[in-house]
Amino acid sequence: MRLCFLADAGSANTQVWVDYFAESLGHDVHIASLSRGRGLSPAVTLHQLGQTRDTRSLRSKLGYLAQAGRIRELVREISPDIVVGYRVASYGYVGARTGFHPLAVAAQGQRIVYPVRSLPKRRSAKIALKTADIINSWAPHMTDRLVELGADPEKILTCPRGIDLTKFRRRNGSALAEFTVVSTRGLNRHYGADIVLRASRLASERLGNVPTAIAGGGEAESELKELVRDLGTATDVWFAGEIPNDELPNLLARSDVYVSAVRTDGVSASLLEAMACGCFPIVTDNAANRLWVDDGVNGFLIAAPDPGAFAAAIVRAMDDPPLRLRAAEVNRAIVEKRADMSVNMRTISDAYRKLVVSD
């Protein structure tokens with residue numbers, strides 16, 4: 001099939017998705033994006049939009065609308081079998097405005113789980129969901145939210161994209177961990193990386209130094225580095241920057257516990273990757289994480305974004321190696337059963353092909 005994605009080409013989630021369609025499933029994949037898309041597979045054809053305009057304005061809410069006409073023309077030029085709009089109220093809405101069918105709209109977890117308080121965004125989301133021929137949802141709680149926004153339940157395919165289990169593997173049992181704590185979420189202000197850093201500092205009062213690896217980039221990076229200096233933990237914290245997905249398994253395999261204080265999610269690929277590699281997950285107690293973590297069995301769920309609570313959980317995990325070992329075995333089995341990208345992506349691909357054939 002020839003697929004035309006309308007999506008943020010700079011997003012790691014987008015890249016993993018479109019790269020797999022192109023490289024592993026052999027589809028002819030095009031992506032139209034306001035972003036440059038560094039790191040995309042050479043097998044994916046990038047069509048960057050608005051190259052002569054100010055990048056900040058292109059990424060504003062009006063940037064999508066300003067490029068709607070060009071996207072419509074581009075879709076006609078590419079002549080795909082199916083258009084996929086990734087994120088409902090932005091690229092999904094623009095996809096609906098192209099008038100092309102079949103149209104798939106995929107929900108980004110944070111953007112849908114959060115209440116849509118903006119009236120224009122709510123309207124855009126409703127139009128995209130009404131127009132779509134198929135709607136990708138990564139999890140049941142996302143599906144419920146999509147239905148609340150007016151989506152037809154019959155159009156929703158609830159299936160996580162999954163992760164590449166051939167890359168994300170448990171470390172050799174004899175290998176020594178280099179980091180006590182690892183976080184691989186973006187450094188956006190609402191992602192709670194400051195809570196992770198404060199928690200590792202508090203945990204060090206009980207455990208001694210707590211080597212912590214922070215992977216990812218975002219607008220809060222400089223603030224977080226300043227926080228580390230203020231906490232006096234600069235020698236224990238490594239800001240790894242944005243690590244290519246192929247290199248993440250090595251970092252995770254060198255770590256003991258994975259910590260995320262993100263308040264709400266769709267399905268966190270970062271969590272699944274950590275589980276696959278044997279890291280003990282300590283994450284926020286929310287609908288997304290409860291799908292994968294049974295508190296006290298294969299990880300810890302923390303009710304409030306409180307550094308003290310996260311610190312106590314880190315100490316508990318490090319004081320109980322048998323628990324971490326049992327959890328690693330359980331977590332690997334969970335991701336193999338429910339989050340194998342080779343299985344789930346073929347399910348999504350087959351659903352798209354069925355639409356194309358029937359169109």
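A cavity is a set of grid points where a 1.4 Å probe fits but cannot get out. The exercises below apply this and other terms to a predicted model.

**Exercise 1. Find how many cavities of 30 Å³ or more the structure holds, and describe the lining of the largest cavity.**

Solution.
- Step 1. The count of cavities of 30 Å³ or more is 1.
- Step 2. The largest cavity has about 40 Å³ of space.
- Step 3. Its lining consists of Ser183, Arg185, Gly186, Leu187, Tyr191, Gly192, Ala193, Val196, Val259, Ser260 and Ala261.
- Step 4. Sorted by class, the lining residues are 6 nonpolar, 4 polar and 1 charged.
- Step 5. Two elements, α9 (193–207) and β11 (255–260), each give at least two residues to this lining.
- Step 6. Two of the lining residues, Arg185 and Tyr191, also form a charge-over-ring arrangement: Arg185 lies over the face of Tyr191, 5.0 Å from the ring centre.

A further case of an arginine over a ring is Arg316, which lies over the face of Phe300 at 4.0 Å from the ring centre.

**Exercise 2. Classify the aromatic pair of Phe21 and Tyr352, and state which parts of the chain the pair ties together.**

Solution.
- Step 1. Ring centres must lie within 6.5 Å for a pair, and planes under 30 degrees apart count as stacked. By this rule there are 8 aromatic pairs.
- Step 2. For Phe21 and Tyr352 the centres are 6.0 Å apart and the planes make 15 degrees, so the pair is stacked.
- Step 3. Phe21 belongs to helix α1 (residues 12–23) and Tyr352 to helix α16 (residues 341–358), so the pair links parts 331 residues apart in sequence.
- Step 4. Phe21 is buried, at 0% relative accessibility. Tyr352 is buried as well, with a relative accessible area of 0%.
- Step 5. Phe21 and Tyr352 also belong to one aromatic cluster, together with Phe5, Trp17, Tyr86 and Trp138.

**Exercise 3. Repeat the analysis for Phe179 and Trp238, and decide whether each residue is buried or partly exposed.**

Solution.
- Step 1. The pair is stacked, with 5.7 Å centre to centre and 10 degrees between the planes.
- Step 2. Phe179 lies in strand β8 (residues 179–183) and Trp238 in strand β10 (residues 237–241), so the pair ties together parts 59 residues apart in sequence.
- Step 3. The cut-off for buried is under 20% relative accessible area. Phe179, at 7%, is therefore buried, whereas Trp238, at 39%, counts as partly exposed.

**Exercise 4. Determine how many residues of helix α12 are buried, and what covers them.**

Solution.
- Step 1. Helix α12 spans residues 269–276, and 8 of its 8 residues are buried.
- Step 2. Among them are Ala269, Leu272, Glu273 and Met275.
- Step 3. The cover over these buried residues includes α1, α11 (248–253), β11, β12 (280–284), α13 (287–290) and α15 (321–338).
- Step 4. Just after α12, Gly278 has a positive phi of about 95 degrees.

**Exercise 5. Place Leu291 in the structure and list its contacts, leaving aside neighbours within four places in sequence.**

Solution.
- Step 1. Leu291 sits in the loop between α13 and β13 (300–302).
- Step 2. Its relative accessibility is 29%, so Leu291 counts as partly exposed.
- Step 3. With those neighbours left aside, Leu291 is in contact with Ala139, Pro140, His141 and Arg338.
- Step 4. Leu291 and Pro140 are 151 residues apart along the chain, and their C-alpha atoms are separated by 9.0 Å.

Conventions:
Residues are numbered from 1 along each chain as its sequence is written. This is a predicted model: local features need pLDDT of at least 70, side-chain atom pairs count only at pLDDT 80 or more; totals for chains, interfaces and linings use all residues. Side-chain values use heavy atoms; hydrogens and water are left out. Rings of Phe, Tyr and Trp (its six-membered ring) pair if their centres lie within 6.5 Å; planes under 30 degrees apart count as stacked, over 60 as edge-to-face and the rest as tilted. Buried means under 20% relative accessible area, exposed over 50%, partly exposed in between (1.4 Å probe, protein chains only). A charge sits over a ring if NZ of Lys or CZ of Arg is within 6 Å of the ring centre and within 35 degrees of the ring normal. On a 1 Å grid over the protein atoms alone, a cavity is a set of points where a 1.4 Å probe fits but cannot get out, and a pocket is an open set with protein on both sides within 12 Å along at least five of seven lines; lining residues have an atom within 4 Å of a point. Grid points are joined across faces, edges and corners, and a volume is the space filled by probe spheres set on the points. Ala, Val, Leu, Ile, Met, Phe, Trp, Tyr, Cys and Pro count as nonpolar, Asp, Glu, Lys and Arg as charged, and the others, Gly among them, as polar. Contact means heavy atoms within 4.5 Å.
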